[in-house]
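Please look at the chain as a whole before turning to its parts. The report that follows moves from a sheet to a pair of helices and then to the domains.

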Amino acid sequence: ATPVAVMVGLGAAARKGVLVRDAAALEALGKATDLAFDKTGTLTEGRPRLRTVQVLGGLDTAELLAIAASLERDSEHPIARGLVAAHGGALRPVEGFRAHPGGGISGSVAGTAYRLGSAAFLGVAFPTEDPDGTSVGLAGPTGLLGVFVLGDRLRPEASAVVARLRGQGLRLHLFTGDREAPGRAMAQAAGIDSVAAGLRPEEKLERIKALQASGAVVGFVGDGVNDAPALAQADCGIAMGSGAGQQGTGAAMAAAPLVLLRAGLEPVLEARRLADRTARIIR
Ligand code: ADP
Ligand code: MG
């Protein structure tokens with residue numbers, strides 16, 4: 001009877017906005033003790049808006065933004081969309097573009113090599129850091145040229161979804177590549193106490209392994225290339241989909257056994273309900 005029960009569960013899941021590629025992962029979600037969330041694009045809307053630009057070198061704000069937006073053209077990160085939108089104008093050709101998941105990007109514009117990303121990625125300290133915004137710096141051969149501060153909003157349903165999940169007895173965590181202050185600010189707004197910040201993609205994976213080693217059954221929800229290793233390691237990886245207000249990356253969707261096909265975090269609750277129902281049918 002098991003295959004039939006599983007099929008019933010999966011058909012219902014698709015109708016509820018959850019693509020299930022692996023029935024065992026759905027079952028693990030039903031038994032989960034811990035559920036961890038990525039921040040940018042998962043707990044937040046993933047539409048960071050540019051708040052301020054700090055000019056540190058010889059280039060003015062418009063020039064800094066033109067270079068940064070051009071470098072970001074081929075990046076899938078939400079920060080990239082924020083910078084391209086803030087620039088609004090024509091983009092310049094970029095040579096040797098490279099994405100460094102969890103850190104930033106690099107490439108050359110008009111023969112000059114640039115790096116754009118977190119202070120850790122650039123190996124510098126920013127003069128000031130907005131505690132609840134995400135700061136990214138643009139560095140050229142002469143050093144740090146400017147710092148962009150972007151602000152993203154918590155998804156409107158996030159705190160209600162978090163409260164429901166906590167009510168189900170789950171321990172909740174936030175794992176972010178962003179710094180401690182913006183990580184804490186978002187976690188607090190969502191109602192999550194356990195925060196690990198400044199994590200590189202492999203460190204998100206290590207966090208999950210550590211929980212598993214202590215006997216936990218772990219779900220992880222993420223959207224980015226930086227989340228792919230953690231999504232694959234979790235007992236139940238859940239990727240944000242793309243389209244319909246979602247902007248999950250192909251790498252995250254490929255790594256996760258569950259993909260949310262509807263916008264927002266509510267499908268996570270649907271997935272939990274379906275996991276329970278499927279488990280009951282199988283038993
Ligand atoms: P999160 O875990 O919150 O989704 P990431 O791991 O993707 O964050 O990124 C961590 C940090 O690396 C970001 O806060 C940002 O400072 C920097 N970063 C990553 N990708 C980019 C990019 N494309 N452009 C600029 N900065 C980036
Ligand atoms: Mg993300």
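Axes are lines fitted to C-alpha atoms, and angles between them run from 0 to 180 degrees between N-to-C directions. With that in mind, and remembering that this is a predicted model, one can describe how a helix is placed on a sheet: helix H2 (residues 23–31) lies across S1, strand S11 (218–222), strand S12 (236–240) and S15, and H2 runs at about 100° to S12.

**The sheet**

The strands that H2 lies across, S1, S11, S12 and S15, belong to an open sheet of seven strands, whose order is S1-S15-S12-S11-S2-S9-S10 and whose pairing is mixed. Strand S1 (18–20) and strand S10 (194–196) stand at the edges with a single partner strand each, so one side of each has no neighbour in the sheet. On average, and with direction ignored, neighbouring strands of this sheet are turned by 20° against each other. At one edge, S1 pairs with strand S15 (residues 258–260) in the antiparallel sense over three bridges, and Val18 stands opposite Leu260 in S15.

**A pair of helices**

Two packed helices are described by the angle between their axes and the distance between the axes. For helix H4 (residues 61–72) and helix H5 (residues 78–87), the axes come within 8 Å and cross at roughly 135°. Because this angle is neither under 35 degrees nor over 145, and also lies outside 65 to 115, H4 is oblique to H5. The crossing of these two helices is left-handed. The residues that meet are listed below.

| Helix | Residues in the contact |
|---|---|
| H4 | Leu65, Ala66, Ala68, Ala69 and Glu72 |
| H5 | Ala80, Leu83, Val84, Ala86 and His87 |

By character, the residues of the contact of H4 with H5 divide into eight nonpolar, one polar and one charged.

**The two domains**

On a wider scale, the chain is divided into domain 1 (2–45 + 153–282) and domain 2 (49–151), and the C-alpha centres of domain 1 and domain 2 lie 29 Å apart. Where the domains touch, 16 residues of domain 1 are in contact with 12 residues of domain 2. Helix H3 (39–43) and helix H8 (180–190) each supply at least two residues of the side of domain 1 that touches domain 2, and H8 gives the most to that side, with three residues. The residues of this side of domain 1 divide into five nonpolar, eight polar and three charged.

Technical notes
Residues numbered from 1 in each chain as written. Chains lettered and ligands numbered in written order. Predicted model: local features only at pLDDT ≥ 70, side-chain atom pairs only at ≥ 80, totals over all residues. Helix = DSSP H or I, 4+ residues; strand = E, 2+ residues; numbered from the N terminus. Left-handed = near helix turned anticlockwise from the far one by under 90°. Contact = placed C-beta atoms within 7 Å. Nonpolar A, V, L, I, M, F, W, Y, C, P; charged D, E, K, R; others polar. Pairing = 2+ DSSP bridges. Domains from an automatic or database assignment.
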